[in-house]
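Colleague: I'd like to go through this model with you and hear the reasoning behind the labels. Can you show it to me?

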Amino acid sequence: MEENKQKSIHDILPLDLIHIILLRIPVKHLGRLRCVSKLWHSLISDPDFAESHLHLSLAPTHACIYRKVSSESYLVHLEEVFNGDNYQVKEVSFPFKKQPPSKFRVMGSCRGFVLVHQEPHFFVVWNPLTGFSKRVSYSWLNILHRSKGRYFYFPGNAILYGFGYDATRDDYLVVVAWKDSNCQLLDCLSLRTNSWINLDAALPKRFGFCLWESEGLFLNGSIHWLPYSLKHYSEGLLIFDLKERSFSKMSLPEQLIMGGPATFVILGGCLALYFQDYVEGNTHIWVMKEYRVHSSWTLYVIPCLEFEPLCLSNGSDIIALDSILAGPLKFAKYNIRGELLQHFTCPAHLPHDIYKYGSYLVYTESLLLLPSDSKHKDKKNNNVI
């Protein structure tokens, strides 16, 4: 009788092997797998597991939030749209308990968190996958005392800003560079302590903040900014290391400088820039395949002019927004040889003007919680605004 007793998976596989298998499963499936057993729920809910999964998952899940000027927003899982004809684009609600405020702005993403700024002085950190959100109230008073001004408006008065993670301090930071009269100032807001840190000492002398685009991208422990115009491309990328709290620069490919104004993105964990060649009718994508190795800049040419790369699928295929000024949203997947693999058109019930009058943000989904909230890992949505 005992021999016929059905064995559980825990009797067949050692715990270490189960842990390794779960780390390789796409994050979108882990929520359901929590229900398999108390042991699996404990494993998947562990903050250390979430951290490991972010780095070890074989198939990171890329999501894209499209927001209209109004409060309507839609969530698209970019890899899933090409898996069949039944994919449904979902309407998504930002984490506001009441009606969404008229003035809020999506500022960026980092490690699965989306940063939203709500006027007059609130940041909202939100993990769309877990539903966790936290509102951080801040004050400019403790940084205005260093200036001659009496008012600071974010993000309007910020010359540079970025959202990133300092692994050495286990802290998420909002970095803001601004100018008062002839004085350039640099501060960062710690989301762990909800306090401002003065970083003026990190500023090089005669430093021209205005040469770079205001919004930075986080990668490899640093925030990166692209020069805002073609004539400044020789300055290279501006980099702020969150661990060392120091600035440096990185050269752009010489051919890009001769090409045209580019857009800055992260593709497959690599810095990338793309621009449209209107003469040839192509989109040129430059990817730095090895971080900070100038010789690793690699060019890919896609035979499509209205093309905005969003992420990499299967490590090499490029998923992009098929840019149009009217009609429904369209996505395309190309391989690195420039061959069209698949095409997807969003359902007709979505507003056709969402691209023309809206904005979008691409982020990688994760199970992470904010460091100060890890001990409350089973309490979700307790900080909804």
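Modeller: Sure, and keep in mind that this is a predicted model. Let's begin with helix H5, whose buried residues are Phe49, Ala50 and His53.

Colleague: What makes the buried residues of H5 line one face of the helix?

Modeller: Looking down the axis of H5, you find its buried residues within an arc of 100 degrees, so they line one face. Turned away from that buried side is a face carrying the exposed residues Asp48 and His55. Exposed here takes a relative accessible area over 50%.

Colleague: And what covers the buried residues of H5?

Modeller: The cover includes helix H2 (15-24), helix H3 (27-33) and helix H4 (38-45).

Colleague: How do you know that aspartate 46 caps the N-terminal end of H5?

Modeller: Check the distance: a side-chain oxygen of aspartate 46 lies 2.8 Å from the backbone nitrogen of aspartate 48. A polar contact needs N or O atoms within 3.5 Å, and 2.8 Å meets that, so the cap counts.

Colleague: Just after H5 there's threonine 61; why is threonine 61 called buried?

Modeller: Its relative accessible area is 5%, and buried means under 20%, so the label fits. Threonine 61 is found in the loop between helix H5 (47-56) and strand S1 (62-68). Setting aside neighbours within four places in sequence, threonine 61 is in contact with Pro26, Val27, Lys28, His77, Glu79, Tyr363, Thr364 and Glu365.

Colleague: On to the rings. How many aromatic pairs are there?

Modeller: The count comes to 9 aromatic pairs. Take tyrosine 66 and tyrosine 360: their ring centres are 5.4 Å apart, with the planes at 40 degrees.

Colleague: Why is that pair called tilted?

Modeller: Centres within 6.5 Å make a pair, and planes under 30 degrees apart would be stacked, over 60 edge-to-face. With centres 5.4 Å apart and planes at 40 degrees, the two tyrosines fall into the remaining class, so the pair is tilted. Tyrosine 66 lies in strand S1 and tyrosine 360 in strand S24 (residues 358-364), so the pair ties together parts that are 294 residues apart in sequence.

Colleague: Are those two tyrosines buried or exposed, and how do you know?

Modeller: Tyrosine 66 has a relative accessible area of 1%, so under the 20% cut-off it is buried. Tyrosine 360, at 29% relative accessibility, sits between the 20% and 50% limits and so counts as partly exposed.

Colleague: What about phenylalanine 94 and tryptophan 126: what makes their aromatic pair tilted?

Modeller: It's 5.0 Å centre to centre with 50 degrees between the planes, and 50 is neither under 30 nor over 60, so tilted is what's left. The pair links distant parts of the chain, 32 residues apart: phenylalanine 94 is in the loop between strand S3 (90-91) and strand S4 (104-110), while tryptophan 126 is in strand S6 (residues 122-126). Phenylalanine 94 counts as buried at 7% relative accessibility, and tryptophan 126 is buried too, at 4%.

Colleague: Which residues do ring pairs link into a cluster?

Modeller: Tyr66, Phe331, Phe344 and Tyr360.

Colleague: Now the strands. How do you know that S17 and S18 pair?

Modeller: Pairing takes at least two bridges. Strand S17 (residues 270-277) and strand S18 (residues 282-288) are joined by 7 bridges and run antiparallel, so they pass. Glutamine 276, for instance, stands opposite threonine 283 in S18. These strands belong to an open sheet of 4, in the order S16-S17-S18-S19, with antiparallel pairing.

Colleague: Why do S16 and S19 stand at the edges?

Modeller: Strand S16 (263-267) and strand S19 (297-302) each have a single partner strand, so one side of each is left without a neighbour in the sheet. From one strand to the next, the twist averages 30 degrees.

Colleague: One more: why does asparagine 335 count as buried?

Modeller: Its relative accessibility is 7%, and the limit is under 20%, so buried it is. Asparagine 335 is in the loop between strand S22 (330-334) and strand S23 (340-345). Not counting residues up to four places away in sequence, asparagine 335 touches Ile302, Asp317 and Leu341. A polar atom of its side chain lies 3.0 Å from the backbone nitrogen of arginine 337.

Definitions and conventions. Residues are numbered from 1 along each chain as its sequence is written. This is a predicted model: local features need pLDDT of at least 70, side-chain atom pairs count only at pLDDT 80 or more; totals for chains, interfaces and linings use all residues. Side-chain values use heavy atoms; hydrogens and water are left out. Helices (H or I, at least four residues) and strands (E, at least two) are DSSP runs, numbered from the N terminus. Axes are lines fitted to C-alpha atoms, for helices over the stretch in contact, and angles run from 0 to 180 degrees between N-to-C directions. Buried means under 20% relative accessible area, exposed over 50%, partly exposed in between (1.4 Å probe, protein chains only). Contact means heavy atoms within 4.5 Å. The arc is that of the directions from the helix axis to the C-beta atoms. A polar contact is a pair of N or O atoms within 3.5 Å; within protein, one must be able to donate a hydrogen and the other to accept it, and residues adjacent in sequence count only if both atoms are side-chain atoms. Rings of Phe, Tyr and Trp (its six-membered ring) pair if their centres lie within 6.5 Å; planes under 30 degrees apart count as stacked, over 60 as edge-to-face and the rest as tilted.
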